[in-house]
Amino acid sequence: MRLLTPVLSLIGVLLAISMITFAIATALPGDAAEIRVGKRDDLTSEQRNELVTAERERLGLDQPVPVQFVIWLQQAVRGDLGVQEGGGSVGRAVVERIIPSLELAFLTLAISLPLAALLAVRSVRRGKRVFSAVAGQLSTVGFVVPQFWLGILLVIFFAVLLGWLPASGYEPFRELPVEHVKRVAMPLLTLVIPTTAVFFHFMRQSLRESLTSQYIRTARAKGLSDSAVLYRHALPNALLPTLTVLGVQFGQLLGGVVVVERIFNWPGVGGLLIYSVERQDFGTLIACVMAIAAAYVVMSTLIEIAYRMVDPRIRRA
Amino acid sequence: MSWLRHNIRLQLGLLLLLPFVVAALIPGVIAPYSPTDLVDAPFLHPSSDFWLGTDELGRDVFSRLVFAARTDLKISLGATLTAAVIGVSIGLLTGYRGGASSAVALRVTDVMLAFPSILLALFLVAVMGPSDGIVILALMVLYIPGFLRFARAMAISLRERAFVEASVISGAGSRHVIWKHLLPNAIGPLLVGIALTAAYTLLAAATLSYLGLGTPPPAPSWGSMLQASFNYVFQDWRYGIWPGLCIVTVALGYMLVSEGIEIAVQRSGSAGAGAGAVEPTRVTVATPTGGATS
């Protein structure tokens, strides 16, 4: 039962998002049928208009928007997301593109979370005031440095000045693992720095709060060492509120991935999204937005389920 | 000026912002050249004629930075202030009145916050076509929920306070209560939120123009300058440093001002409802526990 509510709301939110994206995307200036027909100098304007009308009918654009939505939804449920501008299945393109995006997102989390926890614990230790102050200021900087500038600075340093890493590109891991790692390093670093800064801020705050609680005093009174108190008692409790920001941060991270993909020419779903905006490719645009939104919503749902399992106080509510 | 004394964050923040505000107000006086004129050969190194060199078309980088200050500050402040006015008005009203409108407002903000923010802005700008006005509008939509939730929480907690009840008993209408009692008590934390949101909108606007969905060329903005510079990073990497530095300095300035105001508010002791007053204006609101943090 506990799992039912979040899963139901997951479906509801996905449906709402698909409706909104569909509505906004239909308002895109420019007519998909016009674009598909293109400029045809060999035809008279009348012949061309006929072609556009036929194309519009074929694409179902002559139907009212709600009907278009229902048709699209029926096909989408069956796994058919339509055909890309210039051929190719939208569904396959999005699936192909979302894997490199998720690779960046999850690798970032896998590095940022433990790193932030480690830094946060160190900075609340007694006698670490200098470390705490420096880490705090650095994390503020990590907060305000825009990701694209960070990416550019990394490229300037590692690719242009030192020449250690290729400036951009992608190689599949299975075929060229070393080249893949070389190319993933800079995008990953660009994402890890701000993400770690945010988590660090948050964890330090909740660690400080949990350090004033009674159970910490009890643990200290038992004569436990500083490390034992911090790692075994304070940290687990401080991690709980971090779980709540994890969902939102994952959303921010996906936004960051879109930017980073652009900088490093990473073949992810963000690049496809911007490309489809430029080409006014309606179907692909919706599919990209939906893919990112779905990744985000599924992640938040998983976090909520985890949160309910970890914190017994919420189960009853 | 007692609020400025012994408040290093506020002083430092204002100091960082000052040159950019001046540049935004009188760019023509400060910049030696027009931002769009091709003044010399491209990619010149910094010299006494061109303080920061020239860009890929031979335009003066320093002059473009100065004029871009106007664009970027206009967008960040415009979006933040309109979002604050709209969000706070709706939030105070629905929070004070309570009932169905309040619940609806909360659900709507839930849905909006359930969307990766930059994606929403990107989508809106993509649909409506890039221009300064549209970017302001998109970012405004993005940051209304934060202000709305903050004002609503403020109104709900203030509503029960004795001075509000006294006012209601003596016959004050809701308009009087909202203007004379709720808003003045919310103003401190509100300013904290406005300064912080200004930093976020600045970064978001820069991101949009970096992606080619911001201020259309040839008008300068820091984000689009960065994007242009990146295309020529192997020819001349120097010019990519400056626009980024401007963005970071202004964002840092806004954040320091925000923290400085927070300190000033705490000192003056009129922190109003206090608890969580600043938190709701951050963009990180949607909690997986169901959201309603009233």
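The following paragraphs lead through a predicted model, beginning with chain A and ending with the contact between chains A and B.

Chain A contains 13 helices and zero strands. Read from the N terminus, its elements are therefore written as an unbroken run of α. Of the 317 residues in chain A, 35% are buried. Contacts within this chain often link distant parts of the sequence: among those between residues at least 6 apart, 70% join residues at least 24 apart.

One such pairing of elements involves helix H10 (residues 226-264) and helix H12 (residues 282-310) of chain A. Their axes lie 9 Å apart and pack at an angle of about 175°, which makes H10(A) roughly antiparallel to H12(A). On the side of H10(A), the contact includes A:Leu240, A:Leu243, A:Phe250 and A:Leu254; on the side of H12(A), the residues include A:Ile292, A:Met299, A:Ile303 and A:Val310. By class, 13 residues of this contact are nonpolar, four are polar and none is charged.

The loop between H10 and helix H11 (269-278) of chain A holds A:Asn265. This residue has a positive phi, near 55°, although it is not a glycine. A:Asn265 is partly exposed, because 15 other C-beta atoms lie within 10 Å, a count between the limits of 12 or fewer for exposed and 20 or more for buried.

Two further places in chain A deserve attention. Helix H9 (residues 214-221) of chain A is hardly covered, as zero of its eight residues are buried. After H9(A) comes A:Gly223, with a positive phi near 90°. Elsewhere, helix H6 (residues 129-144) of chain A includes A:Gly136, which counts as partly exposed because it has 13 C-beta neighbours inside 10 Å. The C-alpha atom of A:Gly136 is 7.5 Å from that of A:His201, although the two residues are 65 residues apart along the chain.

In chain B, attention turns to another pair of helices. The axes of H8(B) and H10(B) come within 8 Å and cross at roughly 170°, which makes H8(B) roughly antiparallel to H10(B). Among the residues that H8(B) gives to this contact are B:Leu191, B:Ala195, B:Ala199, B:Leu202 and B:Ala206; those from H10(B) include B:Ile247, B:Ala251, B:Met255, B:Ser258 and B:Glu262. This contact divides into 18 nonpolar residues, two polar residues and one charged residue.

B:Ala251 also has a place in the largest nonpolar core, which has 157 residues: B:Ala251 and B:Leu139 touch the most other members. H8(B) provides the largest share of this core, with 19 residues. Apart from neighbours within four places in sequence, B:Ala251 is in contact with B:Ala199, B:Leu202 and B:Leu203, and also with A:Val144 from the other chain.

The contact between the chains takes 38 residues from chain A and 34 residues from chain B. On the side of chain B, the elements that give two or more residues are helix H5 (117-128), helix H8 (174-210), helix H9 (222-231) and helix H10 (241-268). The residues on this side comprise 26 nonpolar, eight polar and no charged. Thus H8(B) and H10(B), which are in contact with each other, are also among the elements of chain B that touch chain A.

Note on methods:
Residues are numbered from 1 along each chain as its sequence is written. Chains are lettered from A and ligands numbered from 1 in the order in which they are written. This is a predicted model: local features need pLDDT of at least 70, side-chain atom pairs count only at pLDDT 80 or more; totals for chains, interfaces and linings use all residues. Two residues are in contact if their C-beta atoms, placed from the backbone, lie within 7 Å. Helices (H or I, at least four residues) and strands (E, at least two) are DSSP runs, numbered from the N terminus. Ala, Val, Leu, Ile, Met, Phe, Trp, Tyr, Cys and Pro count as nonpolar, Asp, Glu, Lys and Arg as charged, and the others, Gly among them, as polar. Axes are lines fitted to C-alpha atoms, for helices over the stretch in contact, and angles run from 0 to 180 degrees between N-to-C directions. Angles under 35 degrees count as roughly parallel, over 145 as roughly antiparallel, 65 to 115 as roughly perpendicular and the rest as oblique. A nonpolar core is a set of buried Ala, Val, Leu, Ile, Met, Phe, Trp, Tyr and Cys residues joined through C-beta atoms within 7 Å.
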